[in-house]
Amino acid sequence: MLVLTFSTGIVDAVGYLGLDRVFTANMTGNVVILGMALTGAEDLPILGPIVALLGFLVGATVVGRVLRKAPAGWTTASSVVFGLVGVGLAVLAAVVTGLQGVPVEAGTTAPPAALAVTGVLGVVMGGQGAAARRLAVKDVTTVVVTSTLTGLAADSRLAGGTGEGWRRRIGAVVLILAGAAVGAALLRWHIGAGLALAAVIALLAALLGHLKARETT
């Protein structure tokens with residue numbers, strides 16, 4: 001889950017910097033951007049965040065239904081979902097290589113091709129988020145760290161708590177930060193590079209998680 005959190009940072013950096021300031025994993029950011037855009041804030045997108053939100057909901061709904069009756073913990077279904085996330089990212093990495101208008105230039109309207117990529121990325125990340133939620137690793141949703149930061153502070157010794165799980169929580173925050181930095185750096189080279197790296201990470205996570213689950217059954 002921590003490794004997938006790193007890849008989420010990469011994907012959101014690609015989305016925000018390369019797809020007209022749209023998050024495809026962090027839906028809180030999209031809702032905020034959409035709210036500001038609807039009041040007429042300058043140069044903020046409206047259609048892109050809506051497309052990403054709808055795609056995310058579709059992905060989360062489908063995976064939620066698929067995993068609804070799956071046993072607790074990592075299952076073969078989990079491996080398949082995370083594997084499909086990797087495949088989806090790999091396909092998108094290949095697709096954007098040949099698309100015109102991607103990445104989107106600042107201040108311009110996103111072309112249909114960029115919106116299509118945004119929508120599919122939303123579906124993929126929604127599926128990842130739903131699968132991660134099913135695994136229920138505390139404070140590691142892979143797609144957002146707001147709750148992680150809240151738990152880190154509220155459960156800290158400074159707040160009168162035990163500080164339990166602080167390493168995992170800090171790890172999630174640092175990794176999504178590092179992923180965003182890597183994604184932004186790779187975008188200077190090519191928009192598909194970050195997506196390709198995120199794809200490799202997701203596929204490795206699916207494989208290693210599946211092998212580990214088999215060892216413990």
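Trainee: By the centre-distance rule for rings, how many aromatic pairs does the count come to?

Mentor: Good place to start, and keep in mind that this is a predicted model. Rings of Phe, Tyr and Trp pair if their centres lie within 6.5 Å. By this rule the count of aromatic pairs comes to two.

Trainee: Trp74 and Phe82 form an aromatic pair; is it stacked, edge-to-face or tilted?

Mentor: The ring centres of Trp74 and Phe82 are 5.2 Å apart, and the planes stand at 35° to each other. Planes under 30 degrees apart would count as stacked and over 60 as edge-to-face. With its 35°, the pair of Trp74 and Phe82 is therefore tilted.

Trainee: Which residue of that pair is buried, Trp74 or Phe82?

Mentor: Let's use the cut-off: buried means under 20% relative accessible area. Trp74 has 23%, so Trp74 is partly exposed. At 0% relative accessibility, the buried residue is Phe82.

Trainee: Let's turn to charges. How many salt bridges does the structure hold?

Mentor: One joins the side chains of Arg169 and Asp139, at 2.4 Å from N to O. Arg169 also forms a salt bridge with Asp155, where the closest N and O atoms are 2.9 Å apart. The number of salt bridges in the structure is two.

Trainee: How many residues apart are Arg169 and Asp139, the partners in a salt bridge?

Mentor: Their side chains meet at 2.4 Å, N to O. This pair links distant parts of the chain, with Arg169 in helix α7 (residues 166–187) and Asp139 in the loop between α5 and α6. Along the chain, Arg169 and Asp139 are apart by 30 residues.

Trainee: And where does Asp155, the other partner of Arg169, lie?

Mentor: The salt bridge between Arg169 and Asp155 has its closest N and O atoms 2.9 Å apart. This pair too links distant parts of the chain, 14 residues apart, with Arg169 in helix α7. Asp155 lies in the loop between α6 and α7.

Trainee: Which residues are linked in a network of salt bridges, and why does Asp155 count as partly exposed?

Mentor: The network links Asp139, Asp155 and Arg169. Arg169 is buried because its relative accessibility is 2%, and Asp139 is buried too, at 14%. Asp155 counts as partly exposed because its relative accessible area is 29%.

Trainee: What is phi of Asp139 near?

Mentor: Asp139 sits in the loop between α5 and α6. Its phi is positive, in a residue other than glycine. The value for Asp139 is near 65°.

Trainee: In that loop, is Ala136 buried or exposed?

Mentor: Ala136 has its place in the loop between α5 (112–135) and α6 (146–154). Phi of Ala136 is also positive in a residue other than glycine, near 55°. Its relative accessibility is 59%, so Ala136 counts as exposed.

Trainee: Which residues gather in a patch of positive charge on the surface, and what is the relative accessible area of Arg65?

Mentor: The patch brings together Arg65, Arg68, Lys69, Arg133 and Arg134. Arg65 lies in helix α3 (residues 47–67). Exposed means over 50%, so Arg65 is exposed, with a relative accessible area of 71%.

Trainee: One last spot: what separates the C-alpha atoms of Arg21 and Ala41?

Mentor: Arg21 has its place in the loop between α1 (2–18) and α2 (27–38). Arg21 is partly exposed, with a relative accessible area of 21%. Arg21 and Ala41 are 20 residues apart along the chain, and their C-alpha atoms are separated by 13 Å.

Methods: Residues numbered from 1 in each chain as written. Predicted model: local features only at pLDDT ≥ 70, side-chain atom pairs only at ≥ 80, totals over all residues. Heavy atoms only, no water. Patch = residues over 30% accessible without salt bridge, like charges linked within 9 Å, V, L, I, M, F, W, Y side chains within 5 Å. Areas by Shrake-Rupley, 256 points an atom, 1.4 Å probe, with all protein chains shown as cover. Salt bridge = Lys/Arg side-chain N within 4 Å of Asp/Glu carboxyl O. Lys, Arg positive; Asp, Glu negative; His and termini not counted. Charge placed at Lys NZ, Arg CZ, Asp CG, Glu CD. Helix = DSSP H or I, 4+ residues; strand = E, 2+ residues; numbered from the N terminus. Buried < 20%, exposed > 50% of the residue type's maximum accessible area, 1.4 Å probe, protein only. Phe/Tyr/Trp six-rings, centres within 6.5 Å; stacked < 30°, edge-to-face > 60°.
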